[in-house]
Amino acid sequence: MYELAHQPAVQNKLRDELINFEAQRGHSPEYTDLVASGSHGLDYLEAVTMETMRCKAVLMDIARQVH
């Protein structure tokens, strides 16, 4: 959310995509639409989500041991 707050152009594009989705489908995106966003016409939302997870990973390094 922090990064998105600093990107008004991204916010506007996401808002437009969600408005267009609602106009085309007649309802706001539901959970199933958000989970499968790339295949349901929410391509930009999918791209923003994936890029955020790539750049802001919670665990940058995972140590593994063989037992």
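**Pocket, core and exposure in a four-helix chain**

Tutor: In this predicted model, helix H4 supplies the largest share of the lining of the largest pocket, 7 residues.

Student: What is the volume of the largest pocket, and which residues are closest to its centre?

Tutor: The volume is about 380 Å³. Of the 15 lining residues, Glu3, Leu4, Val48, Glu51 and Thr52 lie closest to the centre. Helix H1 (2-5), H2 and H4 each give two or more residues to the lining.

Student: How do the residues of the lining divide into nonpolar, polar and charged?

Tutor: The lining holds 9 nonpolar, 3 polar and 3 charged residues.

Student: Which residues make up the largest nonpolar core?

Tutor: That core has 6 residues: Val10, Leu14, Phe21, Leu42, Leu45 and Val48. Two elements, helix H2 (8-25) and helix H4 (43-55), give two or more residues to the core, and H2 gives the most, with 3 residues.

Student: What makes this set a nonpolar core?

Tutor: A nonpolar core requires buried residues of the nonpolar kinds, joined through side-chain atoms within 4.5 Å. Val, Leu and Phe are among those kinds, and Val10, Leu14, Phe21, Leu42, Leu45 and Val48 form such a set.

Student: With which residues is leucine 14 in contact, leaving aside its neighbours within four places in sequence?

Tutor: Leucine 14 is in contact with Leu4, Tyr44, Leu45 and Val48.

Student: Why is arginine 54 called exposed?

Tutor: The relative accessible area of arginine 54 is 58%. Exposed means over 50%, so arginine 54 is exposed. This residue is found in helix H4.

Student: What makes the pairing of the side chains of arginine 54 and glutamate 51 a polar contact?

Tutor: The distance given for these side chains is 2.6 Å. A polar contact calls for N or O atoms within 3.5 Å, one able to donate a hydrogen and the other to accept it, and the pair of arginine 54 and glutamate 51 is counted as such a contact.

Student: Why does histidine 27 count as partly exposed?

Tutor: Its relative accessibility is 28%. Buried means under 20% and exposed over 50%, with partly exposed in between; histidine 27 therefore counts as partly exposed. Histidine 27 lies in the loop between H2 and helix H3 (31-35). Not counting residues up to four places away in sequence, histidine 27 touches Phe21, Glu22 and Asp33.

Student: How many helices and strands are in the chain, and what pattern does the chain follow?

Tutor: The chain has 4 helices and 0 strands, and its pattern along the sequence is α-α-α-α. Buried residues account for 13% of its 67 residues.

Note on methods. Residues are numbered from 1 along each chain as its sequence is written. This is a predicted model: local features need pLDDT of at least 70, side-chain atom pairs count only at pLDDT 80 or more; totals for chains, interfaces and linings use all residues. Side-chain values use heavy atoms; hydrogens and water are left out. Buried means under 20% relative accessible area, exposed over 50%, partly exposed in between (1.4 Å probe, protein chains only). Contact means heavy atoms within 4.5 Å. On a 1 Å grid over the protein atoms alone, a cavity is a set of points where a 1.4 Å probe fits but cannot get out, and a pocket is an open set with protein on both sides within 12 Å along at least five of seven lines; lining residues have an atom within 4 Å of a point. Grid points are joined across faces, edges and corners, and a volume is the space filled by probe spheres set on the points. Ala, Val, Leu, Ile, Met, Phe, Trp, Tyr, Cys and Pro count as nonpolar, Asp, Glu, Lys and Arg as charged, and the others, Gly among them, as polar.
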